[in-house]
Amino acid sequence: MQRIYVIATGGTIEKVYSEQTGAVQNIDSKIDRYFRLLRLPDAEIQVTHLMNKDSLEMTDADRALVLAAVEERLKEPAPIVITHGTDTMVETGLVLEEKLHDLRFPIVLTGAMTPLGFEASDGLQNLTESLLAARVLAPGVYVVMHNQVFPVSRVRKDRQLARFVWK
(Lines give C-alpha, C1' and ligand atoms only; values in the text may rest on other atoms or scores of the structure.)
Protein backbone atom coordinates (compact mmCIF):
# COMPACT_ATOMS: atom_id res chain seq x y z
CA MET A 1 0.00 0.00 0.00
CA GLN A 2 1.49 3.35 -1.08
CA ARG A 3 0.77 6.27 1.22
CA ILE A 4 0.18 9.63 -0.46
CA TYR A 5 -0.34 12.77 1.56
CA VAL A 6 -2.80 15.30 0.19
CA ILE A 7 -2.76 18.83 1.58
CA ALA A 8 -5.85 20.81 0.55
CA THR A 9 -5.50 24.59 0.51
CA GLY A 10 -8.57 25.62 -1.47
CA GLY A 11 -8.53 27.33 -4.82
CA THR A 12 -10.92 26.86 -7.71
CA ILE A 13 -10.81 23.06 -7.41
CA GLU A 14 -12.69 23.42 -4.07
CA LYS A 15 -15.07 26.26 -4.99
CA VAL A 16 -18.83 25.89 -4.82
CA TYR A 17 -21.67 27.97 -6.19
CA SER A 18 -23.39 30.08 -3.54
CA GLU A 19 -27.06 30.69 -4.25
CA GLN A 20 -27.06 33.52 -1.72
CA THR A 21 -24.35 35.54 -3.45
CA GLY A 22 -24.61 34.15 -6.99
CA ALA A 23 -20.84 33.59 -7.03
CA VAL A 24 -18.42 30.72 -6.71
CA GLN A 25 -16.64 30.77 -3.37
CA ASN A 26 -14.35 28.75 -1.15
CA ILE A 27 -16.82 27.77 1.57
CA ASP A 28 -16.12 24.19 2.61
CA SER A 29 -13.82 21.44 1.41
CA LYS A 30 -15.35 18.89 -0.92
CA ILE A 31 -12.29 17.02 -2.11
CA ASP A 32 -12.88 13.93 0.07
CA ARG A 33 -16.02 12.97 -1.83
CA TYR A 34 -14.07 12.98 -5.09
CA PHE A 35 -11.51 10.55 -3.71
CA ARG A 36 -14.42 8.16 -3.11
CA LEU A 37 -15.14 8.24 -6.88
CA LEU A 38 -11.64 7.05 -7.77
CA ARG A 39 -10.37 3.49 -7.87
CA LEU A 40 -7.21 3.57 -5.78
CA PRO A 41 -6.81 -0.05 -4.63
CA ASP A 42 -3.21 0.19 -3.50
CA ALA A 43 -3.07 3.80 -2.32
CA GLU A 44 -3.58 5.09 1.20
CA ILE A 45 -4.64 8.72 0.79
CA GLN A 46 -4.20 10.86 3.91
CA VAL A 47 -5.95 14.21 3.45
CA THR A 48 -5.21 17.30 5.51
CA HIS A 49 -7.55 20.26 5.08
CA LEU A 50 -5.13 23.09 5.78
CA MET A 51 -7.18 26.04 4.53
CA ASN A 52 -9.80 26.84 1.93
CA LYS A 53 -8.67 30.02 0.22
CA ASP A 54 -8.58 31.47 -3.23
CA SER A 55 -4.87 31.58 -4.01
CA LEU A 56 -5.06 35.31 -4.77
CA GLU A 57 -5.90 35.76 -1.08
CA MET A 58 -2.96 33.65 0.14
CA THR A 59 -0.33 35.48 2.15
CA ASP A 60 3.26 34.75 3.05
CA ALA A 61 1.91 33.48 6.39
CA ASP A 62 -0.35 31.03 4.48
CA ARG A 63 2.63 29.81 2.46
CA ALA A 64 4.51 29.33 5.73
CA LEU A 65 1.61 27.13 6.91
CA VAL A 66 1.85 25.07 3.72
CA LEU A 67 5.60 24.72 4.22
CA ALA A 68 5.11 23.65 7.85
CA ALA A 69 2.49 21.09 6.82
CA VAL A 70 4.85 19.64 4.21
CA GLU A 71 7.75 19.56 6.68
CA GLU A 72 5.55 17.70 9.18
CA ARG A 73 4.69 15.05 6.60
CA LEU A 74 8.33 14.68 5.60
CA LYS A 75 8.99 13.24 9.07
CA GLU A 76 7.34 10.06 7.73
CA PRO A 77 8.13 10.66 4.07
CA ALA A 78 5.80 9.74 1.25
CA PRO A 79 4.73 11.56 -1.94
CA ILE A 80 2.76 14.76 -1.35
CA VAL A 81 0.00 16.30 -3.49
CA ILE A 82 -1.08 19.85 -2.69
CA THR A 83 -4.36 21.13 -4.09
CA HIS A 84 -3.98 24.85 -4.63
CA GLY A 85 -5.44 27.76 -6.54
CA THR A 86 -3.80 28.18 -9.91
CA ASP A 87 -3.10 31.92 -9.71
CA THR A 88 -0.30 31.61 -7.13
CA MET A 89 0.43 27.88 -7.28
CA VAL A 90 3.86 28.45 -8.77
CA GLU A 91 4.73 31.02 -6.08
CA THR A 92 3.94 28.50 -3.32
CA GLY A 93 5.85 25.79 -5.17
CA LEU A 94 8.91 28.02 -5.45
CA VAL A 95 8.83 28.63 -1.68
CA LEU A 96 8.79 24.87 -1.13
CA GLU A 97 11.61 24.32 -3.60
CA GLU A 98 13.71 27.03 -1.96
CA LYS A 99 13.16 25.83 1.62
CA LEU A 100 13.16 22.04 1.23
CA HIS A 101 16.33 20.18 0.40
CA ASP A 102 17.24 16.50 0.02
CA LEU A 103 13.69 15.46 -0.80
CA ARG A 104 13.14 11.72 -0.98
CA PHE A 105 9.73 11.95 -2.69
CA PRO A 106 8.03 14.33 -5.11
CA ILE A 107 5.78 17.19 -4.07
CA VAL A 108 3.07 17.85 -6.67
CA LEU A 109 0.88 20.95 -6.83
CA THR A 110 -2.37 20.76 -8.75
CA GLY A 111 -5.68 22.55 -9.02
CA ALA A 112 -8.38 23.39 -11.52
CA MET A 113 -9.51 26.11 -13.85
CA THR A 114 -13.14 25.07 -13.27
CA PRO A 115 -14.42 23.83 -9.88
CA LEU A 116 -14.89 20.12 -9.17
CA GLY A 117 -18.48 19.17 -9.89
CA PHE A 118 -19.03 21.84 -12.54
CA GLU A 119 -19.62 20.70 -16.11
CA ALA A 120 -16.30 20.43 -17.99
CA SER A 121 -14.29 20.73 -14.77
CA ASP A 122 -10.67 19.75 -15.13
CA GLY A 123 -10.39 19.16 -11.38
CA LEU A 124 -10.89 15.40 -11.24
CA GLN A 125 -8.53 14.83 -14.17
CA ASN A 126 -5.82 16.97 -12.55
CA LEU A 127 -6.31 15.34 -9.17
CA THR A 128 -6.09 11.83 -10.64
CA GLU A 129 -3.04 12.65 -12.75
CA SER A 130 -1.35 14.22 -9.72
CA LEU A 131 -1.82 11.09 -7.65
CA LEU A 132 -0.15 9.01 -10.35
CA ALA A 133 2.60 11.57 -10.95
CA ALA A 134 3.38 11.66 -7.22
CA ARG A 135 4.06 7.93 -7.37
CA VAL A 136 6.37 7.93 -10.39
CA LEU A 137 8.24 11.25 -10.45
CA ALA A 138 11.73 11.75 -9.08
CA PRO A 139 12.03 13.78 -5.88
CA GLY A 140 11.39 17.48 -6.49
CA VAL A 141 8.59 20.05 -6.67
CA TYR A 142 6.24 19.93 -9.66
CA VAL A 143 3.05 21.38 -11.11
CA VAL A 144 0.78 18.76 -12.69
CA MET A 145 -2.10 20.11 -14.77
CA HIS A 146 -3.91 19.01 -17.93
CA ASN A 147 -1.83 15.89 -18.60
CA GLN A 148 1.46 17.76 -18.26
CA VAL A 149 4.21 17.70 -15.63
CA PHE A 150 6.32 20.82 -15.06
CA PRO A 151 9.22 21.36 -12.67
CA VAL A 152 7.95 24.30 -10.60
CA SER A 153 10.82 26.58 -11.62
CA ARG A 154 10.07 26.08 -15.32
CA VAL A 155 6.34 26.80 -15.53
CA ARG A 156 3.95 29.73 -15.58
CA LYS A 157 0.20 30.16 -15.86
CA ASP A 158 -0.96 31.55 -19.20
CA ARG A 159 -4.23 33.31 -18.37
CA GLN A 160 -5.24 33.80 -22.01
CA LEU A 161 -4.85 30.09 -22.79
CA ALA A 162 -6.22 29.09 -19.36
CA ARG A 163 -3.43 26.57 -18.85
CA PHE A 164 0.13 26.20 -17.68
CA VAL A 165 3.00 26.52 -20.15
CA TRP A 166 6.77 26.11 -20.12
CA LYS A 167 8.66 29.17 -18.97
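With a relative accessibility of 1%, glutamate 14 counts as buried, because the cut-off for burial is under 20%. In this predicted model, glutamate 14 lies in the loop that joins strand 1 to strand 2 (16-18). Its C-alpha atom is 6.1 Å from that of proline 115, although glutamate 14 and proline 115 are 101 residues apart in sequence.

Two other loop residues make a pleasant contrast in accessibility. Aspartate 102 sits in the loop between helix 3 and strand 6, and its relative accessibility of 75% makes it exposed, since the cut-off for that class is over 50%. Alanine 120 belongs to the loop between strand 6 and helix 4 (123-136) and is likewise exposed, with a relative accessible area of 72%. The backbone is worth a look at both sites. Phi is positive at aspartate 102, near 55°, and also at alanine 120, near 65°; neither residue is a glycine. Most residues other than glycine have a negative phi.

Turning to the interior, the largest nonpolar core contains 25 residues. Val70, Ile82, Leu96, Ile107, Val143 and Phe164 have the most contacts inside this core. At least two of its residues come from each of strand 1 (2-10), helix 2, strand 5 (80-83), helix 3, strand 6 (106-110) and strand 7 (140-145). Helix 2 is the biggest contributor, giving four residues. A second core, separate from the one just described, has 17 residues, among them Val6, Val81, Leu116 and Leu127. In soluble globular proteins, nonpolar side chains tend to be buried together.

Phenylalanine 164 offers a closer view of these surroundings. Beyond its neighbours within four places in sequence, phenylalanine 164 is in contact with Thr86, Met89, Val90, Met113, Val143, Met145, Gln148, Phe150, Val155, Arg156 and Lys157.

Helix 2 (residues 60-73) also packs against helix 3 (residues 89-99), with 10 Å between their axes and an angle of about 50°. The two helices are therefore oblique to each other, and their crossing is right-handed. On the helix 2 side, the contact is formed by Asp60, Arg63, Val66, Leu67 and Val70, while helix 3 brings Glu91, Thr92, Val95, Leu96 and Lys99. By class, the residues of this contact comprise five nonpolar, one polar and four charged. Val70 of helix 2 and Leu96 of helix 3 take part in this contact, and Val70 and Leu96 are also among the residues with the most contacts inside the largest nonpolar core.

Note on methods. Residues are numbered from 1 along each chain as its sequence is written. This is a predicted model: local features need pLDDT of at least 70, side-chain atom pairs count only at pLDDT 80 or more; totals for chains, interfaces and linings use all residues. Side-chain values use heavy atoms; hydrogens and water are left out. Axes are lines fitted to C-alpha atoms, for helices over the stretch in contact, and angles run from 0 to 180 degrees between N-to-C directions. Angles under 35 degrees count as roughly parallel, over 145 as roughly antiparallel, 65 to 115 as roughly perpendicular and the rest as oblique. A crossing is left-handed if the near helix is turned anticlockwise from the far one by less than a right angle, and right-handed if clockwise. Contact means heavy atoms within 4.5 Å. Ala, Val, Leu, Ile, Met, Phe, Trp, Tyr, Cys and Pro count as nonpolar, Asp, Glu, Lys and Arg as charged, and the others, Gly among them, as polar. A nonpolar core is a set of buried Ala, Val, Leu, Ile, Met, Phe, Trp, Tyr and Cys residues joined through side-chain atoms within 4.5 Å. Buried means under 20% relative accessible area, exposed over 50%, partly exposed in between (1.4 Å probe, protein chains only).
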